[in-house]
Amino acid sequence: MQHERKTGAGSKKGLYGFVIDEKTALRIIKASTETQMQEGARGMLASGNKSVFLKGAIIMKKQFHIGEISEFFNLPASTLRHWESTGILTPKKNHENNYREYTIEDFMNLSDIIFYKSLGLPLKQIQTMEQSTPEEHSFLLHEKIDELVQQQQELQHRMQKLRNHLNAIDTLNELKSHPFTEVDIDTDCIVSFDLGEIKKLRQYIENPYLYSRVQHSEHIQSELRGLTIPSEQRSLFPDTQVLWEKSRHRYIACLMKEEVTEGFPNNLSQLLSQIQKTYRTGFIISRFLLRAKENGKLYDFYKTFVEIEEDSYLC
């Protein structure tokens, strides 16, 4: 990416070299990220370098060494050498000491490279920008926007999954603080789930809270495992796959924890006994929250809904 640029008519030779006019100075600032330029400028001023900002103009030496360029643009010298190896940056070398010497043209070229890099363009594409037509520029930039939109959607999806996991932790803490609270169950329908069913497995991976267990108070040792689905998807599944559907019952919510060890012991019996001191109970629906350690032991934590039968309050 070669530049044959000269200073404009409003520029002149100053005490320390070239004076770049305000328009060019602003272009350089725009081409490089603001943070890099500000940090680099502060560094050069602090080190006593003769390159300074004066009311929008930049007074520059004729040539710069790699250390000065690295400091000014806040770029590692190794990055500058790599860019040189690709041919996108072509500083001349002093034949007497073999040092790289960067000119104002290199300075401008480097500013453009940093600008295009800030757009997310790879070096290979940056090298072709000067040979591209406006139409080709437009196509490339629209392509980059489409790519960023896709990345944005993926990030939003990932953020939602993180929020879901945080919500599970909040639910766990809420159930610890307020156990045995009457709630509206957040489950419409549960369908069977086999690990060999790839589509359902992917749904579980997207949101582990969908994983659900169905039991009944009269025989809690028997359980069915499935996935929670919204009511609008019920018609997609045959009756033989439906394990449980929401009815007009009331529910008590509590925290079930199952130790991840041989036999997978849990506290469901104790929870049920506590609720049955007051109510007659029916179905038990448990929805997975997360796996975590507590008091040195590893547990699977579930939000468990215990169905209480109408007019079942025990005096």
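Arg213 stands opposite Arg225 in strand 10, and that pairing is a handy way into this predicted model. Arg225's strand, strand 10, covers residues 224–229, and four bridges join it to strand 9 (residues 211–216), with the two running antiparallel. Strands here are DSSP E runs of at least two residues, helices are H or I runs of at least four, and both are numbered from the N terminus. Two strands pair if DSSP finds at least two bridges between them. Before going on, a word on ground rules: residues are numbered from 1 along each chain as its sequence is written. Since the model is predicted, local features need pLDDT of at least 70 and side-chain atom pairs count only at pLDDT 80 or more, while totals for chains, interfaces and linings use all residues; side-chain values use heavy atoms, with hydrogens and water left out.

Strand 10 also pairs with strand 8 (residues 189–192), again antiparallel and over four bridges. Along that seam, Ser192 faces Gly226 and Ile190 faces Thr228. Strand 8 is joined in turn to strand 11 by three antiparallel bridges, with Val191 opposite Val242 of strand 11.

Now step back to the whole sheet. Eight strands make up an open sheet, ordered 7-12-14-13-9-10-8-11, with antiparallel pairing. What stands at the edges? Strand 7 (181–183) and strand 11 (242–245) do, each with a single partner strand, so one side of each has no neighbour in the sheet. From one strand to the next, the twist averages 35°. Angles like this run from 0 to 180 degrees between N-to-C directions, and axes are lines fitted to C-alpha atoms, for helices over the stretch in contact. At the strand 7 edge, three bridges pair strand 7 with strand 12 (residues 250–259) in the antiparallel sense, and Val183 sits opposite Tyr251.

Two helices pack on this sheet. Helix 7 (residues 134–177) touches strands 12, 13 and 14, and its direction makes about 115° with that of strand 13. Helix 9 (residues 268–275) touches strands 9, 12, 13 and 14, and its direction makes about 155° with that of strand 12. Touching, or contact, means heavy atoms within 4.5 Å.

Asn267 is found in the loop between strand 12 and helix 9. Is Asn267 buried or exposed? With a relative accessible area of 16%, Asn267 is buried; the cut-off is under 20%, with exposed meaning over 50% and partly exposed in between (1.4 Å probe, protein chains only). Leaving out residues up to four places away in sequence, Asn267 touches Leu255, Met256 and Lys257. Leu255 is 12 residues from Asn267 in sequence and 8.9 Å away, C-alpha to C-alpha.

Next, the helices earlier in the chain. Helix 3 (residues 66–73) and helix 4 (residues 77–86) pack at an angle of about 110°, with their axes 9 Å apart. That makes helix 3 roughly perpendicular to helix 4 (65 to 115 degrees; under 35 is roughly parallel, over 145 roughly antiparallel, and the rest oblique). Helix 3 brings Ile66, Ile69 and Ser70 to the contact, and helix 4 brings Ala77, Leu80 and Arg81.

Finally, the rings. The structure holds 10 aromatic pairs, a pair being rings of Phe, Tyr or Trp (its six-membered ring) with centres within 6.5 Å; planes under 30 degrees apart count as stacked, over 60 as edge-to-face and the rest as tilted. Phe64 and Phe107 form a tilted one, 6.1 Å centre to centre with 35° between the planes. That pair links distant parts of the chain, 43 residues apart: Phe64 is in the loop between strand 4 (57–60) and helix 3, and Phe107 is in helix 5 (residues 104–118). Both of these Phe residues are buried, and ring pairs link Phe64, Phe72, Phe73 and Phe107 into a cluster.

Back in the sheet, Phe288 and Tyr302 form an edge-to-face pair, at 5.6 Å centre to centre and 75° between the planes. Phe288 lies in strand 13 (residues 281–294) and Tyr302 in strand 14 (residues 297–308), so the pair ties together parts that are 14 residues apart in sequence. Phe288 counts as buried at 10% relative accessibility, and Tyr302 is buried at 2%.
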